[in-house]
Amino acid sequence: MHMADALISPTVGATMWAATAGLIAYSAKKVKEEADDRKVPLMGVLGAFIFASQMLNFSIPGTGSSGHLGGGMILAILLGPYAAFLVMASVLIVQALFFADGGLLALGCNIFNLGFFPCFVAFPFIYKKIAGVNPKQKRIMPGAIIAGIIGLQLGAFGVVLETVFSGISELPFRTFVLLMQPIHLAIGIVEGLVTAAVVIFVWKARPEILEASCQAEPIGSFNINKVLLGLLVVAVIAGGVLSWFASANPDGLEWSMFKTSGKEELESGDGVHAFTALIQEKTAFLPDYGFKKNQLAIEPEENASQPWPAIDPGTSVSGLVGGALTLAMVFLIGLSLKRRKAAVS
Amino acid sequence: MSHHIVEAIGLHYTYPDGTKGLNGVSFRISHGESVALVGENGAGKSTLLLHLNGYLAATQGQVRIGDFALNPGNLNAVRRTVGMVFQNPDDQLFMATVFDDVAFGPLNLGLGKDEVERKVAQSLETVGAGHLSQRPPYKLSQGEKRSVAIATVLAMSPDILVMDEPSSSLDPVSRSRLIALLKTFKHTKIIATHDLDMAMDICERTIVLHQGQITADGATTGIFGDQNILSRSRLEKPLRMQGCPKCGNTFSHPTFKRESK
Amino acid sequence: MNKISDNFLDIGYMDDLAGKDSWLHRLDPRAKLITTFIFIVTVVSFDKYTLSGLIPFFIFPIALLALSGLPAGYLFKKVLLVLPFAVLVAIFNPLMDREVIFRIGSLGISGGWVSFFSIILRFILTVSVALILICLTGFNAVCLALSKLGLPKPFVVQLLFFFRYLFVLTDEAARMSRAWSLRALGSKAIDFKTFVSLVGHLLLRTIDRAERIYLAMLSRGFDGRIRMIRVMRIGSREFIFGIGWSMLFVLLRSFNIPVKLGALVTGRFS
């Protein structure tokens, strides 16, 4: 499942983009260092291949549904983790731009969920460990399946965390997890099977392809620790700074507004903002604490001290009326711009 | 003008899987000659062509381009001199726009921005594709792709043009245009093709390849008129030299009339 | 099966739209990219119960559509196409958050429904500007803008090659799929074994193609570096566009105009 702009908060979006951007830069550097000229066209066409093959569905016997090829694992097997990550990122970027799969702010999350976990975690630590340097058919199948499952489980969990930390969706942590993980377990098994089958197909038809890619990426050269450390640093800085900013000052903009004009113009009043600030603070330090738990714990007190959420009914009615009027005005402006353009050209 | 000479001396080549690709190929092509390379599928035409720009290294024998023998050290210089146009234009148009593709070669040669722009404009004009400069390759027709592919090579100002099946999958009009274009080129030309009629139009000399060996090397009309050579090499006469099934007259014969039955 | 050629045509069509001419089309892609990004971040920064505050933001996509001549109906349909996904996730909000936060007459509206519609609005806004961006700028220009803004060269090259061969590969996949359906006699989805074979063959052909492309690159002097000439100019137009819109976004984010407007109107009538 893809993360969406509609469910993301700027903090989460920015943090994940920072992490993804860092990974892209690091992977690009590694690919450049590798200086394997052959990879330049290969990466491009393999990306197009993954994109095209994701449009083909196959039926899963027994169920009524269909599955498709994930891509991250096959790419990692053929290209190594760094190049594979870049290719997955390119596929997701095109999907986001042209098919609105997720959105531009959430793209950072999606590239991370669907790129980092298969390429940098599942592939080196699971597939390679099981399938080894010189893969035999017996080893490819379990390697690909388990790697596929784990990669997807981690990716799905990533979506859950990102959604919960964003606080836009009301879906409670536990429910979301119980929904996402089993579904993605099934998807993981299916994708693992397809990946294994395709890899075995290639291995049978042209074993030299797999041999070449295995030799190019000796297991020892991959340094996950550097990658993880880098990510941790970036995440802590970005998340910490932004969360602090959000919690200490309810909203950067409003804070600056407050400073300059002495008043904060909020539609919904202080209650909600102080509340969300509180949540940011809590979740930043206690990542495994259920979001809903927090709410429930705080609610009774909040109810007593302030009406929660503190939305003034008068403001709300005005809001609706004003909203409708504004929408109408916006459309009129749009129409007049169009007419003007037509008149000019 | 020795840099226009292409020479193969006793070329042998074995594929990675062990089959023999070239079995002692020798020829000498002089400056300005247009040579057709014909033969059945699998005869070794493409394999031979790939030796001419150093992509494949012969297991035995030598290739000479102009003054120097091909070796791993002078590949760049060779590729500047020998421009190769491949069968599938989609494989050669890999950049975002036509301009980028045609500029690729000159930029790799280290030419400056203005020089590159000049060369691109010139090459596109020559093939009649000047208006396609900003198009992405996926929006081109087969004929346009073929023309642009040729332009990408022309932009490097090669002395020798090597082409693999340039007229394949072209519609009749595009094919005629291509033939007219190639006729204007003063380069040394080596063209591997099944299109024997095109070979007759452009190339005065033909080399016939069969199972990795040269079975004939001489004037084009002579070879295409010799049924023995053609049969041995599993070839057939060009269409224009084939006779009417009824009376045996060739199509170019003045008395030929279309049967109304 | 149709899906493949539809998608293929769609991307081609959207790329075509980017090739049209208008004041907006001619603007440097960096300005458009950055402004769009600021827009998205601003929209997304609202808290979850914002509804009316989001509405003025529609001025951006609507103005862009009007000034560029892009087909509004087509883009509207595309947004509608992906809307169900947003609804699917957002629907949990009204289910979980039932506390009534205000009433219209005797009708109580829960916080869950307010946040539900907020999500929908956000979705429409962010998706439409992303689509407009790509239809206005074109993928290649976006990539080059990103490279000028600091995206690593190997990644930009990857994006460009990927996009170039997207059409070739989707075409191949569509043809394979068509060939399959002509002999599949009614089955809706490909069976597993056939799928593996189709995809496997496509993969092998793709790897061979990569080798041929590499050969073509070598033949034209490829030495590992991809060089491109690109003329991109940022001028006063771009600054006016970027700064002007960004200031408006900040303004709309800070002041809730609909509420004020509504208060004015209802105040008059009450």
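Start by selecting chain B: for its 261 residues, a compact globule would have a radius of gyration near 18 Å, and chain B comes in at 19 Å, which agrees. Keep in mind as you click around that this is a predicted model.

**Chain B, the whole chain**

Stay on chain B and orient it along its principal axes; the C-alpha trace spans about 60 × 45 × 35 Å. Switch to cartoon and you should find nine helices and 10 strands. Colour by burial next: 46% of the 261 residues count as buried. If you like contact maps, take the contacts in chain B between residues at least 6 apart in sequence; 64% of them join residues at least 24 apart.

**The six-stranded sheet**

Now pick out the open sheet of chain B whose six strands run in the order 6-7-8-3-9-10, with mixed pairing. Select residues 82–85 and 213–219 of chain B: these are strand 6 and strand 10, the edges of the sheet, and each has a single partner strand, so one side of each is left without a neighbour in the sheet. Look along the sheet and you can follow its twist, which averages 15 degrees from one strand to the next.

Move inwards to strand 3 (residues 34–38) and strand 8 (residues 188–192) of chain B, a parallel pair joined by four bridges. For a spot to zoom in on, centre on B:Leu37, which sits opposite B:Ala192 of strand 8.

What packs on this sheet? Helix 1 of chain B, residues 45–52, does. Helix 1 touches strand 3, strand 6, strand 7 (160–164), strand 8 and strand 9 (205–210) of chain B, and its direction makes about 150 degrees with that of strand 7. Then add helix 5 of chain B (residues 142–154), which also packs on the sheet, touching strand 6 and strand 7. Here the angle to quote is against strand 6 of chain B: about 165 degrees between the two directions.

**Zoom in on strand 8**

Hide the helices for a moment and go back to strand 8 of chain B. Is strand 8 covered or open? Mostly covered, with five of its five residues buried. Show side chains and check both faces: B:Thr188, B:Ile190 and B:Ala192 point to one side, B:Lys189 and B:Ile191 to the other, and all of these are buried. Strand 8 also pairs with strand 7 of chain B, in the parallel sense and over five bridges. A handy place to see that pairing is B:Val162, which stands opposite B:Ile190.

**The four-stranded sheet**

Chain B has another open sheet to select: four strands in the order 2-1-4-5, with antiparallel pairing. Strand 2 (20–29) and strand 5 (68–69) of chain B are its edge strands, each pairing on one side only. Between strand 1 (residues 6–14) and strand 4 (residues 60–65) of chain B, count five bridges in the antiparallel sense. Label B:Ala8 there, and its bridge partner in strand 4 turns out to be B:Val63.

**Over to chain A**

Switch the selection to chain A, where the cartoon shows 13 helices and two strands. Of its 345 residues, 48% count as buried. Its contacts with a sequence separation of 6 or more include 76% between residues 24 or more positions apart.

**Where chain A meets chain C**

Bring in chain C alongside chain A. How many residues does each chain put into the contact? Chain C contributes 105 and chain A contributes 91. On the chain C side, select helix 9 (residues 153–184) before anything else: with 17 residues, helix 9 supplies the largest share of the side that touches chain A. Colouring that side by residue class gives 71 nonpolar, 21 polar and 13 charged residues.

**Last stop, chain C**

Give chain C two colours: domain 1 covers 20–137 + 235–270, and domain 2 covers 152–233. Their C-alpha centres lie 36 Å apart.

Finish at helix 4 of chain C, residues 59–68. Eight of its 10 residues are buried, so helix 4 is largely enclosed by the rest of the structure. To see them, select C:Ile59, C:Phe60, C:Pro61, C:Ile62, C:Leu64, C:Leu65, C:Ala66 and C:Ser68. Then step on to C:Gly69, the residue that follows helix 4, and check its phi: positive, near 80 degrees.

Definitions and conventions
Residues are numbered from 1 along each chain as its sequence is written. Chains are lettered from A and ligands numbered from 1 in the order in which they are written. This is a predicted model: local features need pLDDT of at least 70, side-chain atom pairs count only at pLDDT 80 or more; totals for chains, interfaces and linings use all residues. The radius of gyration is taken over C-alpha atoms; the globule rule is 2.2 Å times the number of residues to the power 0.38. A residue is buried if 20 or more other C-beta atoms lie within 10 Å of its own, exposed if 12 or fewer, and partly exposed in between; C-beta atoms are placed from the backbone. Two residues are in contact if their C-beta atoms, placed from the backbone, lie within 7 Å. Two strands pair if DSSP finds at least two bridges between them. Axes are lines fitted to C-alpha atoms, for helices over the stretch in contact, and angles run from 0 to 180 degrees between N-to-C directions. Ala, Val, Leu, Ile, Met, Phe, Trp, Tyr, Cys and Pro count as nonpolar, Asp, Glu, Lys and Arg as charged, and the others, Gly among them, as polar. Domain bounds come from an automatic or database domain assignment.
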